[in-house]
Amino acid sequence: MPTPNRTFDLSVEDLDLIEAALRRKKRALNEAQLVGADTADDAADQLKDIHDLLGRLHNQKTFYRPKQSVYVSG
């Protein structure tokens, strides 16, 4: 049985495209839930999965912080 590929060669632009597509799908599912589609439970499960995946992608990012000066956010 083949093993899954655990290394990926994705650029920042690739990840931006994936995040944008997930956000569009999330928005469409949310709108479908508001309309009252028959598959509201399935949409809720998909929304949770997409939200979790977007969170994991966000947590893997490394944000810039200056090394020599005091960091002040905002």
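## Contacts, salt bridges and a pocket in a predicted model

User: In this predicted model, which residues is Leu57 in contact with, leaving aside its neighbours within four places in sequence?

Analyst: Once the neighbours within four places in sequence are left aside, four names remain for Leu57 in this predicted model. The residues in contact with Leu57 are Leu15, Ile18, Glu19 and Leu22.

User: Glu19 lies in helix α1; is Glu19 buried or exposed?

Analyst: The relative accessible area of Glu19, a residue of helix α1, comes to 8%. Because buried means under 20% relative accessible area, the class that applies to Glu19 is buried.

User: Which residues does Glu19 touch, not counting those up to four places away in sequence?

Analyst: With residues up to four places away in sequence not counted, the list for Glu19 includes Leu57, and Leu57 in turn has Glu19 among its own contacts. The residues that Glu19 touches on this count are Leu54, Leu57 and Lys61.

User: How many residues apart in sequence are the parts that the pair of Glu19 and Lys61 ties together?

Analyst: The side chains of Glu19 and Lys61 meet in a salt bridge, with N to O at 3.1 Å. Glu19 lies in helix α1 whereas Lys61 lies in the segment after α2 (40-59), so the pair ties together parts that are separated in sequence by 42 residues.

User: Which residues are linked with Glu19 in a network of salt bridges?

Analyst: Besides its salt bridge with Lys61, Glu19 meets Arg23 in a salt bridge of 3.5 Å, N to O. Glu19 and Arg23 both lie in helix α1 (residues 12-35), four residues apart, which is about one turn of the helix. Arg23 counts as partly exposed at 44% relative accessibility, and Lys61 is also partly exposed, with a relative accessible area of 36%. The residues linked with Glu19 in the network are Arg23 and Lys61.

User: With which residue does Asp52 form a salt bridge?

Analyst: The closest N and O atoms of this pair are 3.2 Å apart, and both residues lie in helix α2, four residues apart, or about one turn of the helix. Asp52 is partly exposed, with a relative accessible area of 31%, whereas its partner is exposed, at 51%. That partner is Lys48.

User: Which element gives the largest share of the lining of the largest pocket?

Analyst: About 240 Å³ of space lies in the largest pocket, and its lining consists of Val12, Leu15, Asp16, Glu19, Leu53, Arg56, Leu57, Gln60 and Lys61. The elements that give two or more residues to this lining are α1 and α2. The largest share, four residues, comes from α1.

User: How many residues in the lining of the largest pocket are charged?

Analyst: The lining includes Glu19 and Lys61, the two residues that also meet in a salt bridge. By class, the lining has four nonpolar residues and one polar residue, while the number of charged residues is four.

User: Which element gives the largest share of the largest nonpolar core?

Analyst: In soluble globular proteins, nonpolar side chains tend to be buried together. The largest nonpolar core here has seven residues, namely Leu22, Leu29, Ala43, Leu47, Ile50, Leu54 and Leu57. The elements that give two or more residues to this core are α1 and α2. The largest share, five residues, comes from α2.

Notes:
Residues numbered from 1 in each chain as written. Predicted model: local features only at pLDDT ≥ 70, side-chain atom pairs only at ≥ 80, totals over all residues. Heavy atoms only, no water. Salt bridge = Lys/Arg side-chain N within 4 Å of Asp/Glu carboxyl O. Buried < 20%, exposed > 50% of the residue type's maximum accessible area, 1.4 Å probe, protein only. 1 Å grid on protein atoms, 1.4 Å probe; cavity = no way out; pocket = protein on both sides within 12 Å on 5 of 7 lines; lining within 4 Å. Points joined across faces, edges and corners; volume = space filled by probe spheres on them. Nonpolar A, V, L, I, M, F, W, Y, C, P; charged D, E, K, R; others polar. Core = buried A, V, L, I, M, F, W, Y, C linked by side-chain atoms within 4.5 Å. Contact = heavy atoms within 4.5 Å.
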